[in-house]
Amino acid sequence: MVTDGADPVRWWHGDQSGSVRPPAVRAVDTSGAGDVFHGAYCYFAAQTGHAGIIGPISAACEIASIKCRYLGTRSWLRHLPDPTTIVSGVRMRGRSEQT
């Protein structure tokens, strides 16, 4: 997968490919956003097993977009939602992706 700032994340998996558009935000500081995205993707992919690729990418986009709204490398952390709520949303998106 390839991230590209505010542009869609492009992904390839086996013989499938696609893109996921991140939420639009007023970016204050994008430093570290790619690292946040990839860490969040790994977390959500591990939590949801084989629920599909689009759900974890969408969730990672949400987390990285939160980071971009705040200045600095740690101030955004207090604004994170409960990850269990996001994981259940990822599971639902993964199910609909498989239809």
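This is a short walk through one structure, from its helix H2 to its core, its largest pocket and one loop residue. Keep in mind that the model is predicted.

Let's start with H2. The helix runs over residues 54–68. It has 15 residues and spans 21 Å from first C-alpha to last. That is close to the 21 Å expected at 1.5 Å a residue. How many of its residues are buried? The count is 13 of the 15, so H2 is largely enclosed by the rest of the structure.

Now the core. The largest nonpolar core has 20 residues. Seven of them come from H2, and that is the largest share. H2 is joined there by strand S2 at 7–13, by H1, and by helix H3 at 83–97; each of these elements supplies at least two core residues. Who has the most contacts inside this core? The list is Phe37, Tyr41, Phe44, Ile57, Cys61, Ile63 and Trp76.

Stay with Phe44 for a moment. Its relative accessibility is 2%, so it falls under the 20% cut-off and counts as buried. Phe44 also has an aromatic partner, Tyr43. The two ring centres are 5.0 Å apart. The planes meet at 80°, and over 60 degrees counts as edge-to-face, so that is what this pair is. The count of aromatic pairs comes to one. Tyr43 itself is partly exposed, at 33% relative accessible area. So the pair joins a buried ring residue to a partly exposed one.

Next, the pocket. The largest one has a volume of about 350 Å³. It is lined by 18 residues. Closest to its centre are Gly5, Ala6, Pro22, Ala33 and Cys68. Which elements supply at least two lining residues each? They are strand S1 at 2–4, helix H1 at 33–48, and H2. H2 again gives the largest share, here four residues. What about chemistry? The lining has 12 nonpolar residues, five polar and one charged.

Last, a loop residue. Thr30 sits between strand S3, residues 16–20, and H1. Is Thr30 buried or exposed? It is exposed, with a relative accessible area of 51%; the cut-off for exposed is over 50%. Thr30 and Ala64 are 34 residues apart in sequence. In space, their C-alpha atoms are 8.7 Å apart.

To wrap up, back to H2. It gives the largest share of the core, and the largest share of the pocket lining as well.

Definitions and conventions:
Residues numbered from 1 in each chain as written. Predicted model: local features only at pLDDT ≥ 70, side-chain atom pairs only at ≥ 80, totals over all residues. Heavy atoms only, no water. 1 Å grid on protein atoms, 1.4 Å probe; cavity = no way out; pocket = protein on both sides within 12 Å on 5 of 7 lines; lining within 4 Å. Points joined across faces, edges and corners; volume = space filled by probe spheres on them. Nonpolar A, V, L, I, M, F, W, Y, C, P; charged D, E, K, R; others polar. Expected span 1.5 Å × (residues − 1). Buried < 20%, exposed > 50% of the residue type's maximum accessible area, 1.4 Å probe, protein only. Phe/Tyr/Trp six-rings, centres within 6.5 Å; stacked < 30°, edge-to-face > 60°. Core = buried A, V, L, I, M, F, W, Y, C linked by side-chain atoms within 4.5 Å.
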